[in-house]
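This report looks at charge pairing, surface character and model confidence in a single protein chain. The sequence and structure come first.

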Amino acid sequence: MSLPIRAFTPADVKAALTKLNTRKAPGYHMIPGQILKRLPRKTVVLLTAVFNRMLTLSYFPVLWKYAEIITIHKPGKPPHERTSYRPICLLPITSKLFERLFLQRIKEEHDPSTLLPSHQFGFRERHSTILQVHSLVNEITMSLEEKKYCNAVFLDISQAFDRIWHPGLHFKMKHALTSN
């Protein structure tokens, strides 16, 4: 077992609050980013205490997991069809704030490149779909130039996270984050 993640300071929380995008819509709790950015020092200290307690208890409030789902009409699609709308989940901003701080701590404690394989582009900073396509085209080009076979299998799993084995994912995350 490794030591728990280092506690947040009010300065950490205040820095994360200043980086909030005020144009983002609030979740069901209706607390906009403009208000959170202007919290007084005493409230920032209380919010820091809540975040630190969440770390020590390994607890994430259930209410922060609920999202308000709105649909946005896709341009050029018929309005009477269900597939013409894109669902958007609006999570509470406090939830996103804690997640951002927590991710920052994980990155400080563990080298992100050791947690995900180098060929995985999803869920990684500065690794876009376009970069993955460039990487794939480069591999194909290199194989053709070296007169090698180039086999490829493309798999698109809809709602992949819904189909994941969550206990196994939890075990792997625990193992990866406590193995130092």
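## Surface patch and salt bridges

Tyr28, Leu57, Tyr59, Val62, Leu63 and Tyr66 together make a nonpolar surface patch of about 630 Å². The model is a predicted one. One member of the patch, Tyr28, sits in the loop that runs between helix H1 (10-18) and helix H2 (33-37). Tyr28 has a relative accessibility of 35%, so Tyr28 counts as partly exposed; buried would require under 20% and exposed over 50%.

**Confidence**

Averaged over the chain, pLDDT is 85, and 94% of the residues score at least 70. Confidence is highest in H1, at 95, and lowest in helix H5 (residues 112-115), where the mean is 68. Where pLDDT is low, the predicted coordinates should not be read in detail.

**Salt bridges**

Side chains of opposite charge can pair when their charged atoms come close. How many salt bridges does a search of the whole structure find? The search finds four. Three of the pairs are set out below, including the N to O distance for each.

| Pair | Distance between N and O |
|---|---|
| Asp12 and Arg105 | 2.6 Å |
| Arg105 and Glu108 | 3.5 Å |
| Lys148 and Glu146 | 3.2 Å |

In the salt bridge between Asp12 and Arg105, the closest N and O atoms are 2.6 Å apart. This pair links distant parts of the chain, since Asp12 belongs to helix H1 and Arg105 to helix H4 (residues 93-109), with their positions 93 residues apart. Is Arg105 buried or exposed? Arg105 counts as buried because its relative accessibility is 1%, and the cut-off for buried is under 20%.

Arg105 also forms a salt bridge with Glu108. Both residues lie in helix H4, and because they are three residues apart there, about one helical turn separates them. Glu108, at 43% relative accessibility, counts as partly exposed, whereas its partner Arg105 counts as buried.

The side chains of Lys148 and Glu146 meet in another salt bridge, at 3.2 Å from N to O. Lys148 has 51% relative accessibility and therefore counts as exposed, the cut-off being over 50%. Glu146, with a relative accessible area of 44%, is partly exposed. Elsewhere, salt bridges with shared partners join Arg6, Asp12, Arg105 and Glu108 into one network. Within that network, Arg105 pairs with Asp12 and with Glu108.

Terms used:
Residues are numbered from 1 along each chain as its sequence is written. This is a predicted model: local features need pLDDT of at least 70, side-chain atom pairs count only at pLDDT 80 or more; totals for chains, interfaces and linings use all residues. Side-chain values use heavy atoms; hydrogens and water are left out. Patches are made of residues with over 30% relative accessible area and no salt bridge: like charges are joined within 9 Å, nonpolar side chains (Val, Leu, Ile, Met, Phe, Trp, Tyr) within 5 Å. Accessible areas come from the Shrake-Rupley method with a 1.4 Å probe; for residues, only the protein chains shown count as cover. Helices (H or I, at least four residues) and strands (E, at least two) are DSSP runs, numbered from the N terminus. Buried means under 20% relative accessible area, exposed over 50%, partly exposed in between (1.4 Å probe, protein chains only). pLDDT is the predictor's confidence in each residue, from 0 to 100.
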